[in-house]
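The following note is offered to a colleague reading this entry. The points are numbered for ease of reply.

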Amino acid sequence: MMEKRKFRLGDYEFDTYKEYLEAQEDLKKIDLITEEVDINDVDVAARLYTRIRNKEIVFHSKIGINFFMYLSDIVANHSMVMVEEKKAQEDLKKKNSKRAKNYRIAGVACVFAAVACFVYFAYADYLEEQSALEMKRLQNMQNMTGHYIEEEDFLEDPDEQMADARDEASGDENAGKTEASDQPEALPEILPEYQEIYEENKDLVGWLQIEGTVINYPVLQSDSEEDSQFYLTHSFAKKKDKNGSLFMDYRNDFVDRDTNIIIYGHNMKSGAMFGSLKKYLDKDYLEKHARIRFDTIYERGTYEVIGAFLSEVSYQDEYMFRYYNFLNANNESEFEAFCVNVMQLDALKNTTLDAEYGDQLLTLSTCSSYTEEGRMFILAKRIK
């Protein structure tokens with residue numbers, strides 16, 4: 001008998017794909033909560049505990065249940081500490097040696113807990129430092145210094161650049177030509193600055209940099225829907241990392257270029273990854289940081305920000321515009337429909353969108369706390 005397929009998410013195992021998807025949604029909610037607030041703060045934990053009990057925040061999987069139990073433990077432990085402190089005061093007044101002994105045991109337990117917390121946070125700081133050093137090493141390998149915007153980089157049409165790269169990779173079109181026309185087209189040659197980095201992780205698809213910001217990172221892409229969220233919680237080296245990595249939508253084709261390339265990243269409180277994107281909700285900031293450098297591993301590209309937007313994740317049974325599903329426009333009508341819909345999400349109250357059919361678009365998307373399941377994204381178009 002064929003063994004029933006299991007679905008795994010971290011240390012959790014699920015019997016059905018539906019349970020697996022529910023667990024992914026719960027994990028997204030938990031990541032959003034822990035990025036925005038300190039759940040180890042007793043008051044914060046108590047408020048979250050109450051909201052979950054009142055079904056203001058709903059979880060559907062054992063991951064969410066375990067998170068709720070963790071909050072319950074924090075609230076319960078705080079209550080126990082208060083009770084123990086009150087008992088200790090009574091014990092001192094009554095000079096009850098037995099209860100005094102129990103209080104001393106509780107004190108020792110608190111010391112051990114404090115030491116454990118210190119070790120945990122020290123280790124977290126160590127991992128954070130190692131992640132920063134690793135990113136610095138990759139940035140040095142990529143060596144964007146002095147290469148952010150060169151005039152000659154966009155004198156030539158990007159479509160012609162890609163065509164030239166393909167010609168160089170495949171050689172003279174008449175050399176060794178056969179009657180067969182179904183031979184696979186050779187990929188372009190990887191740009192020199194990305195060759196060594198690509199050898200370290202072949203999920204590398206490009207590099208994103210915005211001058212004057214901390215955004216200067218490799219962009220990765222998983223090759224399947226099942227692994228599409230992998231880099232949400234893993235570094236370039238494929239190690240667990242709360243910062244995650246920047247990653248391209250797994251559906252995007254960056255070789256035969258889609259109309260719209262979508263790149264996701266965490267909204268970190270430290271400002272890492274896409275933690276600084278929220279600043280684009282200020283018009284002055286947008287104008288001062290409008291130029292984006294996004295290279296694929298095969299060609300260089302320069303983009304200009306044309307808008308900042310606020311949205312939220314919608315579910316299958318909700319009739320809402322999903323900006324993250326716009327990858328290609330097959331005709332001018334589809335492109336115009338996207339422009340009309342996306343302008344309904346414009347955070348800066350602009351009346352027009354500086355884009356036209358044929359433009360190559362770039363979307364940078366991250367979480368936003370303006371509402372539950374909120375998303376913030378900026379839209380840029382390629383400069384030819």
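1. Is Cys367 buried or exposed? The model is a predicted one, and in it Cys367 has a relative accessible area of 17%. Because the cut-off for buried is under 20%, Cys367 counts as buried. Cys339 falls in the buried class as well, at 12% relative accessibility.

2. On cysteine pairing, the structure holds zero disulfides. A disulfide is a covalent bond between the sulfur atoms of two cysteines.

3. How many of the residues of strand β10 are buried? Strand β10 spans residues 374–382, and nine of the nine are buried, so the strand is largely enclosed by the rest of the structure. In a regular strand the side chains alternate between the two faces of the sheet. On β10, Gly374, Met376, Ile378, Ala380 and Arg382 point one way, while Arg375, Phe377, Leu379 and Lys381 point the other way. Residues of both sets are buried, the charged residues Arg375, Lys381 and Arg382 included.

4. Strand β10 is paired with β8 and with β9. Strand β8 (residues 302–312) runs antiparallel to β10 and is joined to it by nine bridges; Glu304 has Lys381 as its bridge partner in β10. Strand β9 (residues 361–368) is also antiparallel to β10, with eight bridges between them, and here Ser365 is partnered with Phe377.

5. The connection between β9 and β10 merits a look at the backbone. These strands form a hairpin with five residues between them. In the turn, Glu373 has a positive phi of about 60 degrees.

6. Turning to the interior, the largest nonpolar core has 69 residues. Those with the most contacts inside this core are Leu208, Tyr280, Ile292, Leu362 and Leu364. Beyond four places in sequence, Leu364 touches Leu208, Ile210, Ile263, Phe274, Leu277 and Ile292, as well as Met376, Phe377 and Ile378. A second, separate core has 19 residues, among them Ala23, Ile33, Val44 and Ile74.

7. How confident is the prediction, and where does pLDDT stay under 50? The protein chain averages a pLDDT of 80, and 72% of the residues score at least 70. Residues 144–156 stay under 50, and the model has 28 contacts for them beyond four places in sequence. Residues 168–180 are also below 50, with four contacts in the model beyond near neighbours in sequence. Where pLDDT is low, the predicted coordinates should not be read in detail.

Technical notes: Residues numbered from 1 in each chain as written. Heavy atoms only, no water. Core = buried A, V, L, I, M, F, W, Y, C linked by side-chain atoms within 4.5 Å. Buried < 20%, exposed > 50% of the residue type's maximum accessible area, 1.4 Å probe, protein only. Contact = heavy atoms within 4.5 Å. pLDDT = per-residue confidence, 0-100. Disulfide = S-S within 2.5 Å. Helix = DSSP H or I, 4+ residues; strand = E, 2+ residues; numbered from the N terminus. Pairing = 2+ DSSP bridges.
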